[in-house]
Amino acid sequence: MTTRLDGNDILNRVAAVIESRKPSNGGDPGTSYVAKLFDKGLDAILKKVGEEACETVMAAKDGDAQKIVYEVADLWFHSLIALSHFGLKPEQVLAELARREGLSGLQEFAARSKITEEEPND
């Protein structure tokens, strides 16, 4: 018998741990990697997201399935930290994915392009 993983539940649990590790919530940068990243600020958080994105691409180029999974997990984790920095929750990303479900990528891109074209230039 296999256990079905509930991705939403896992994302929410990880997000809750991340939130609890923020220095503003008592997280100690001396003992917590997450607290240390938050303490260093947005540039450090975004640098880690970028590094993990590059490592994901390199793993995919190598074609090693296990390494791809490992690197995507790192990318998702650091993306959750970035979301938390902005006060955003995984549910908001999941809601956006749900909104896009059933749309072709070309339709979604065209809709975003139209919105960008309608924004006034400063």
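Helices are taken as DSSP runs of type H or I with at least four residues, numbered from the N terminus. On that basis, E51 and K48 both belong to helix α3, residues 42-62, where three residues, about one turn of the helix, separate them. The model examined here is a predicted one. The paragraphs below treat its helix pairs, its salt bridges and three buried residues in turn.

Two packed helices are described by the angle between their axes and the distance between the axes. For helix α1 (residues 7-21) and helix α5 (residues 90-100), the axes come within 9 Å and cross at roughly 150°. On the α1 side the contact is made by N8, L11, N12 and A15, and on the α5 side by P90, E91 and L94. Sorted by class, the residues of this contact comprise four nonpolar, two polar and one charged.

For α2 and α3, the axes come within 5 Å, with a crossing angle of roughly 120°. That angle makes α2 oblique to α3, since oblique covers the angles left over once those under 35 degrees, over 145 degrees and from 65 to 115 degrees have been assigned. The residues that meet are Y33, L37, F38 and K40 in α2 and A44, I45 and K48 in α3. In the contact of α2 with α3, five residues are nonpolar, none is polar and two are charged.

A search of the whole structure gives six salt bridges. One of these joins the side chains of D9 and R13, with an N to O distance of 2.4 Å. D9 and R13 are four residues apart in helix α1, so about one helical turn separates them. D9 counts as partly exposed, at 35% relative accessibility, and R13 is likewise assigned to the partly exposed class, with a relative accessible area of 47%.

A salt bridge also connects the side chains of E19 and K22, at 3.2 Å from N to O. Here E19 is partly exposed, with a relative accessible area of 26%, whereas K22 is buried, with a relative accessible area of 12%. The assignment of K22 follows from the cut-off, because buried means under 20% relative accessible area.

In helix α3, E51 forms a salt bridge with K48, and the closest N and O atoms are 3.2 Å apart. E51 is partly exposed, its relative accessible area being 29%. The pair belongs to a network of salt bridges that links K48, E51 and E52. K48 is also one of the α3 residues that meet α2.

H78, in helix α4 (residues 65-85), is in contact with two members of this network. Leaving aside neighbours within four places in sequence, the contacts of H78 are Y33, L37, K48, V49 and E52. H78 is buried, with a relative accessible area of 5%. The side chain of H78 reaches the backbone oxygen of D74 at 2.8 Å. Two of the residues touched by H78, Y33 and L37, also take part in the contact of α2 with α3.

T56 is located in helix α3 and is buried, with a relative accessible area of 13%. A polar atom of the T56 side chain lies 2.8 Å from the backbone oxygen of E52. E52 is therefore a residue with two roles in this description, in that its backbone oxygen lies 2.8 Å from T56 while E52 is linked with K48 and E51 in the salt-bridge network, a salt bridge being defined by a side-chain nitrogen of Lys or Arg within 4 Å of a carboxyl oxygen of Asp or Glu. Not counting residues up to four places away in sequence, T56 touches E71, V72 and L75. T56 and Y70 are 14 residues apart in sequence, with a C-alpha to C-alpha distance of 8.4 Å.

A35 is found in helix α2, which spans residues 33-40. The relative accessible area of A35 is 0%, and A35 is accordingly buried. Apart from neighbours within four places in sequence, A35 is in contact with R21, P23, G27, D28 and P29. Of these residues, R21 is 14 residues from A35 in sequence and 5.3 Å away in space, C-alpha to C-alpha.

Definitions and conventions: Residues are numbered from 1 along each chain as its sequence is written. This is a predicted model: local features need pLDDT of at least 70, side-chain atom pairs count only at pLDDT 80 or more; totals for chains, interfaces and linings use all residues. Side-chain values use heavy atoms; hydrogens and water are left out. Axes are lines fitted to C-alpha atoms, for helices over the stretch in contact, and angles run from 0 to 180 degrees between N-to-C directions. Contact means heavy atoms within 4.5 Å. Ala, Val, Leu, Ile, Met, Phe, Trp, Tyr, Cys and Pro count as nonpolar, Asp, Glu, Lys and Arg as charged, and the others, Gly among them, as polar. Buried means under 20% relative accessible area, exposed over 50%, partly exposed in between (1.4 Å probe, protein chains only). A polar contact is a pair of N or O atoms within 3.5 Å; within protein, one must be able to donate a hydrogen and the other to accept it, and residues adjacent in sequence count only if both atoms are side-chain atoms.
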